[in-house]
Amino acid sequence: MAYAYDDQNIFAKILRGEIPNNTVLETEHSLAFRDIAPQAPDHVLVIPKGPYVTYDHFAAEASDAEIADFTRAIAQVCAKLGIEPGTDGMGYRLISNAGEAGVQEVPHLHIHILSGRPLGRMLQKA
Ligand code: AMP
């Protein structure tokens, strides 16, 4: 599978500092920032700094250091937001849309972290 990365996508521009973002966390290989159109009280996007289009692209081609950093960045964001399950009905949902069927709007890997309200069942009928 060949993955073509478009470096004009909006998250690439955020990473280059060309447009602003509301940063929650920055690590060596990852950036987390608030979604511009939040769908829950907490809606944070976690992205790798490297040029990866989708989760499968990242998982196949990123270095072990990038994968560890990204995975731990997600945990650090959950801790910062105080949304880990186990206290006061807290919890969250991770979503990563990929490709056309996944309705991916921005072609740079991002994990949505959604929390702060009951999120309902996982999928609705199209
Ligand atoms: P997806 O459909 O998974 O590709 O979602 C893309 C997400 O990026 C949407 O939830 C948008 O609201 C969000 N988004 C688009 N532009 C920005 C931006 N400049 N800053 C923060 N979030 C953004």
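A nonpolar core, as meant here, is a set of buried Ala, Val, Leu, Ile, Met, Phe, Trp, Tyr and Cys residues joined through side-chain atoms within 4.5 Å. Keep that in mind for what follows, and remember that this is a predicted model.

**The main core**

The largest nonpolar core has 18 residues, and the members that touch the most others are Ala-32, Val-44, Val-46, Phe-70, Val-77 and Ile-113. Two or more core residues come from each of strand E1 (23-26), strand E3 (42-48), helix H3 (64-81) and strand E5 (111-115). Helix H3 gives the largest share, with 6 residues.

Phe-70 makes a handy place to start looking around. Setting aside neighbours within four places in sequence, Phe-70 is in contact with Ser-30, Val-46, Ile-47, Pro-48, Tyr-55, Phe-58, Leu-109 and Ile-111. There is also a second, separate core of 7 residues, and among them are Phe-11, Leu-31, Phe-33 and Ile-47.

**The chain as a whole**

Stepping back, the protein chain has 3 helices and 5 strands. Follow the sequence and you meet them in the pattern α-β-β-β-α-α-β-β. The radius of gyration is 15 Å, close to the 14 Å that the globule rule gives for 126 residues, so the chain is as compact as a globular protein of that length.

Here are some overall numbers for the protein chain:

| Property | Value |
|---|---|
| Span of the C-alpha trace along its principal axes | about 40 × 35 × 30 Å |
| Residues that count as buried | 37% of 126 residues |
| Exposed area | about 7800 Å² |
| Distance between the mean positions of positive and negative charges | 8 Å |

Carbon and sulfur atoms supply 53% of that exposed area. As for charge, the chain carries 10 positive and 16 negative charges. Contacts reach across the sequence too: among those between residues at least 6 apart, 53% join residues at least 24 apart.

**An unusual backbone spot**

One residue is worth a look for its backbone angle. Val-103 sits in the loop between strand E4 (93-95) and E5. Its phi is near 55 degrees, a positive value in a residue other than glycine. For context, most residues other than glycine have a negative phi. Is Val-103 buried or exposed? With a relative accessible area of 57%, Val-103 lies above the 50% cut-off, so Val-103 counts as exposed.

Conventions. Residues are numbered from 1 along each chain as its sequence is written. This is a predicted model: local features need pLDDT of at least 70, side-chain atom pairs count only at pLDDT 80 or more; totals for chains, interfaces and linings use all residues. Side-chain values use heavy atoms; hydrogens and water are left out. Helices (H or I, at least four residues) and strands (E, at least two) are DSSP runs, numbered from the N terminus. The radius of gyration is taken over C-alpha atoms; the globule rule is 2.2 Å times the number of residues to the power 0.38. Buried means under 20% relative accessible area, exposed over 50%, partly exposed in between (1.4 Å probe, protein chains only). Contact means heavy atoms within 4.5 Å. Accessible areas come from the Shrake-Rupley method with a 1.4 Å probe; for residues, only the protein chains shown count as cover. Lys and Arg count as positive and Asp and Glu as negative; His and the chain ends are not counted. The place of a charge is taken as NZ of Lys, CZ of Arg, CG of Asp or CD of Glu.
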